[in-house]
Amino acid sequence: FGQANPVVFATTDKLFNTRIHNPGGFATGVTIRIDFIGDVVNPRIKDLQTNQLIGVNRAFANGDQLTMVTVPGHKSMTLRHEDQSEENVIKNRHVSTSWLQLAPGSNIWAVECDDLQQRVNMQVRVCFSPLYLEVE
């Protein structure tokens with residue numbers, strides 16, 4: 001279009017921290033699902049604004065799937081192996097684990113593990129439902 005340099009519309013890259021927007025009016029619990037595509041030791045998700053984290057102290061392998069739920073009344077940490085067997089890993093939670101909540105507005109969370117090079121072996125999804133005050 002007559003420009004010396006091309007215009008970049010989008011890129012695909014590995015991100016190790018991200019901004020998550022909670023449009024609701026209240027903090028809300030989340031479901032964090034980590035799919036492992038390689039070896040990872042002691043994975044953690046850290047809130048960079050509060051320095052709180054949630055994590056599991058154990059090794060994970062290709063095909064493992066870790067689900068951590070921080071919704072009040074439904075808190076859990078479940079590991080699904082490649083053979084589809086499930087294991088409760090709450091006993092392996094990191095000693096500093098906080099049951100992370102998404103604050104209203106902007107939140108910055110990061111993916112961590114003991115060997116930072118292993119972060120590329122984690123595919124992370126965070127799901128949540130915004131909470132609103134209903135007025136009738």
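## Two open sheets and a shared core

Ile45 stands opposite Ile54 in β6. This small pairing is a good doorway into the structure, which is a predicted model: local features need pLDDT of at least 70, side-chain atom pairs count only at pLDDT 80 or more, and totals for chains, interfaces and linings use all residues. Residues are numbered from 1 along each chain as its sequence is written, and side-chain values use heavy atoms, with hydrogens and water left out.

The overall plan is easy to follow. The chain contains 13 strands and zero helices; here, helices (H or I, at least four residues) and strands (E, at least two) are DSSP runs, numbered from the N terminus. Of the 136 residues, 35% count as buried, where buried means under 20% relative accessible area, exposed means over 50%, and partly exposed lies in between (1.4 Å probe, protein chains only). The accessible surface of the chain comes to about 8500 Å², and 51% of this surface belongs to carbon and sulfur atoms; such areas come from the Shrake-Rupley method with a 1.4 Å probe, and for residues only the protein chains shown count as cover. Among contacts (heavy atoms within 4.5 Å) with a separation of 6 or more, 67% link residues that are 24 or more positions apart.

The strand that holds Ile45 belongs to an open sheet of four strands in the order β1-β12-β5-β6, with antiparallel pairing. Two strands pair if DSSP finds at least two bridges between them. At the edges of this sheet are β1 (17-22) and β6 (53-55), each of which pairs on one side only. From one strand to the next, the twist averages 25 degrees; the axes behind such angles are lines fitted to C-alpha atoms, for helices over the stretch in contact, and angles run from 0 to 180 degrees between N-to-C directions.

Within this sheet, β5 has two partners. It pairs with β6 in the antiparallel sense over three bridges, and the two strands form a hairpin with five residues between them. In the turn of that hairpin, Asn51 has a positive phi of about 65 degrees. On the other pairing, β5 and β12 are antiparallel over four bridges, with Arg44 opposite Glu112 in β12. Which residues of β5 are buried on its two faces? Arg44 and Lys46 are buried on one side, and Ile45 and Asp47 are buried on the other, so both faces of the strand are covered.

A second open sheet has five strands in the order β10-β9-β8-β3-β13, again with antiparallel pairing. The edge positions belong to β10 and β13; each has a single partner strand, so one side of each is left without a neighbour in the sheet. Neighbouring strands here are turned by 20 degrees against each other on average, direction ignored. The pairing of β3 with β13 is antiparallel and runs over six bridges, and it places Asp35 opposite Gln123 in β13.

Attention now turns to the interior. In soluble globular proteins, nonpolar side chains tend to be buried together. The largest nonpolar core of this model has 21 residues, a core being a set of buried Ala, Val, Leu, Ile, Met, Phe, Trp, Tyr and Cys residues joined through side-chain atoms within 4.5 Å. Those with the most contacts inside it are Ile32, Ile34, Ile45, Leu66, Met68 and Trp109. Two or more residues each come from β3 (31-36), β8 (65-69), β9 (76-80) and β12 (105-112), and the largest share, three residues, comes from β3. Beyond its neighbours within four places in sequence, Ile32 is in contact with residues including Ile45, Leu66, Met68, Trp109 and Val126.

The loops add some details of their own. Asn42 lies in the loop between β4 (40-41) and β5 (44-47) and has a positive phi of about 55 degrees although it is not a glycine. Gln84, in the loop between β9 and β10 (86-88), also has a positive phi, about 75 degrees. Are these two residues buried or exposed? Asn42 is buried at 14% relative accessible area, whereas Gln84 is exposed at 53%. In the loop between β12 and β13 (122-127), Asn121 is buried, with a relative accessible area of 18%. Its contacts beyond four places in sequence are Asp35, Phe36, Ile37, Gly38, Asp39 and Val40.
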